[in-house]
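Morning, everyone. Let's take a quick look at one chain, with an eye on its aromatic rings.

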Amino acid sequence: MSVAEDLKAHGITIPVGKYQGHAKSQRPDPDPELTATGPGTLCGEYLRRYWQPVCMTSEIPDDRPLRLRIMSEDLVAFKDKSGAYGLLAANCSHRNTSLEFGIIEDNGIRCCYHGWLYDIDGTILETPGEPDGTKIPERVKHGAYPVLEFKGLLFAYMGPAGEQPEFPVYDIHEQPNDEMVPYSITYPCNWLQVMENTVDPIHTVFLHTRITEVQFANSWGAMPVVKQYTPDNHIVTTSTYRWGDYVWLRAQDVCMPNHARIGAFLYEAEEPRYFWRSALTKWTVPRDDTECMIISWRHYGPDIDPDNLGKPEEVGKEKVDFIGQTMFRDYIERQIEPGDYEAQVSQGPINPHAAENLGQTDVGVATLRKWLRGQVRGLADGTQEPTRPPKYGDKHYGYVQDTVFPIPPRSSDEKEDEALRGEISDAAMDIILEADSLPTAEERTARIKERFQKLHEDPRFSA
Ligand code: FES
Ligand SMILES: [Fe+2]
């Protein structure tokens with residue numbers, strides 16, 4: 001009797017297989033060039049070249065400051081009694097007491113320990129314990145960043161003085177008939193793995209539809225043709241689905257480096273719709289290298305949510321009105337029906353890229369990393385300025401869109417239909433990019449909608 005047979009007689013079965021647990025037991029290091037964002041890091045310096053949202057203005061109390069941590073810097077945001085917003089380094093320039101315990105004044109904030117008073121730009125206005133004529137206010141400047149409020153979010157520029165870019169207002173920030181509700185959600189993991197979710201449309205087929213429950217709509221379960229386009233500073237990822245006699249074309253728009261726009265996601269692709277715009281518009285902002293925030297708006301109104309499927313009253317601090325976006329679910333429920341939060345956070349505090357094995361469907365992730373690496377290195381070695389959106393007053397057009405074309409399959413051949421959907425994606429993007437030459441968002445939208453509504457009559461796509 002062999003050893004295995006002998007053990008079997010005792011009810012023991014020795015597993016046989018290609019087990020490689022020990023060989024794989026050591027996790028590789030993360031990729032700091034793209035994931036480290038503290039002061040002086042390559043990626044951190046790059047992200048600091050852009051206006052970044054740091055909180056919702058509704059989070060800032062009238063009578064107290066709000067402690068923040070952004071890109072590994074400890075800060076306080078506040079609104080002084082004159083109504084001006086400030087964003088200061090948290091530790092007082094006198095002896096480092098945190099200004100989170102500071103007192104809001106008519107102009108600026110006063111440290112609780114010895115009463116130094118700071119203006120919103122970091123100017124020291126008073127050092128009350130010091131003798132008259134003290135030179136401290138001339139000699140010492142406290143760390144401060146310029147901030148502005150826009151539609152309920154507080155944006156900061158944390159880069160070098162003198163290199164502050166224009167604040168870009170895009171068409172999707174000012175849609176007609178659009179209610180924009182701010183929200184922010186904490187993710188206890190690195191910013192990049194949260195950002196990458198937007199350029200990974202294949203996950204919606206599995207995570208959101210096929211693997212457990214249908215989380216948004218059945219149409220998400222079809223396998224899309226995925227294509228990418230890179231106009232200006234955008235990575236536009238189109239997903240083109242076959243759903244009966246319809247072709248559903250979505251374009252997710254990442255405006256580099258960390259601003260993304262996502263189209264409607266609660267609607268089935270079972271009747272035509274044309275050029276619906278952003279359902280959520282977000283930034284992924286590092287708090288430090290192992291924690292980040294999505295700071296965002298959800299969009300509501302007749303043009304993006306005509307059946308009122310969204311629930312604006314469920315949107316705000318650490319909450320949003322669709323499943324799987326926060327840690328605030330029962331753990332077992334999260335295991336049984338995981339969502340984006342579980343998928344992204346569980347990649348690890350900093351997802352080690354060297355442990356991944358990317359496939360063809362990860363083209364978006366690969367493109368984003370390549371672009372980011374090029375920008376980060378270009379800034380570091382002085383060969384390339386960070387990619388900029390257009391100047392204020394110029395056209396700021398986004399590419400997010402969601403359309404259902406009434407275009408039946410040309411044949412029952414799956415490959416032929418994939419080719420058809422790829423052509424439809426190219427044709428639609430051509431229409432959008434051609435319309436970029438129009439001077440206003442209203443004209444551009446009208447032109448695109450008009451041409452989209454006729455696309456099914458195009459001889460290339462009519463049966
Ligand atoms: S530590 Fe802030 S005033 Fe002294
Ligand atoms: Fe998702």
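Of the 463 residues in this chain, 53% count as buried. Keep in mind that this is a predicted model. The accessible surface comes to about 21,300 Å². Carbon and sulfur atoms hold 51% of that surface.

Now the overall layout. The chain has 11 helices and 19 strands. Along the principal axes, its C-alpha atoms fill a box of roughly 85 × 80 × 45 Å. Take the contacts between residues at least 6 apart in sequence: 62% of them join residues at least 24 apart.

Charges next. There are 48 positive and 73 negative side chains. The centres of those two sets lie 3 Å apart.

On to the rings. How many aromatic pairs are there? The count comes to 20. Let me walk through two.

The pair of Trp51 and Tyr157 comes up now. The ring centres are 6.2 Å apart and the planes sit at 55°, so this pair is tilted. A tilted pair is one whose planes are neither under 30 degrees apart nor over 60. Where are the partners? Trp51 belongs to strand E1, residues 51-56, and Tyr157 to strand E10, residues 153-157. The pair therefore ties together parts that are 106 residues apart in sequence. Are these two buried or exposed? Both Trp51 and Tyr157 are buried.

Second pair: Trp220 and Trp248. This one is edge-to-face, with 4.9 Å from centre to centre and 70° between the planes. It also links distant parts of the chain, 28 residues apart. Trp220 is in the loop between helix H6 (202-210) and strand E12 (225-229). Trp248 is in strand E14, residues 246-255. Buried means under 20% relative accessible area. Trp220 has 3%, so Trp220 is buried. Trp248 has 0% and therefore counts as buried.

Back to Trp51 for a moment. Which residues share a cluster with Trp51? Phe150, Phe155, Tyr157, Phe167, Trp283 and Trp297 do; together with Trp51 they form one aromatic cluster. So the tilted pair of Trp51 and Tyr157 has both its members in that cluster.

Last item: arginines over rings. Arg261 lies over the face of Tyr170, 4.2 Å from the ring centre. Arg273 lies over the face of Trp276, at 5.0 Å from the ring centre.

That's the tour. Questions, please.

Conventions: Residues are numbered from 1 along each chain as its sequence is written. Chains are lettered from A and ligands numbered from 1 in the order in which they are written. Side-chain values use heavy atoms; hydrogens and water are left out. Rings of Phe, Tyr and Trp (its six-membered ring) pair if their centres lie within 6.5 Å; planes under 30 degrees apart count as stacked, over 60 as edge-to-face and the rest as tilted. Helices (H or I, at least four residues) and strands (E, at least two) are DSSP runs, numbered from the N terminus. Buried means under 20% relative accessible area, exposed over 50%, partly exposed in between (1.4 Å probe, protein chains only). A charge sits over a ring if NZ of Lys or CZ of Arg is within 6 Å of the ring centre and within 35 degrees of the ring normal. Contact means heavy atoms within 4.5 Å. Accessible areas come from the Shrake-Rupley method with a 1.4 Å probe; for residues, only the protein chains shown count as cover. Lys and Arg count as positive and Asp and Glu as negative; His and the chain ends are not counted. The place of a charge is taken as NZ of Lys, CZ of Arg, CG of Asp or CD of Glu.
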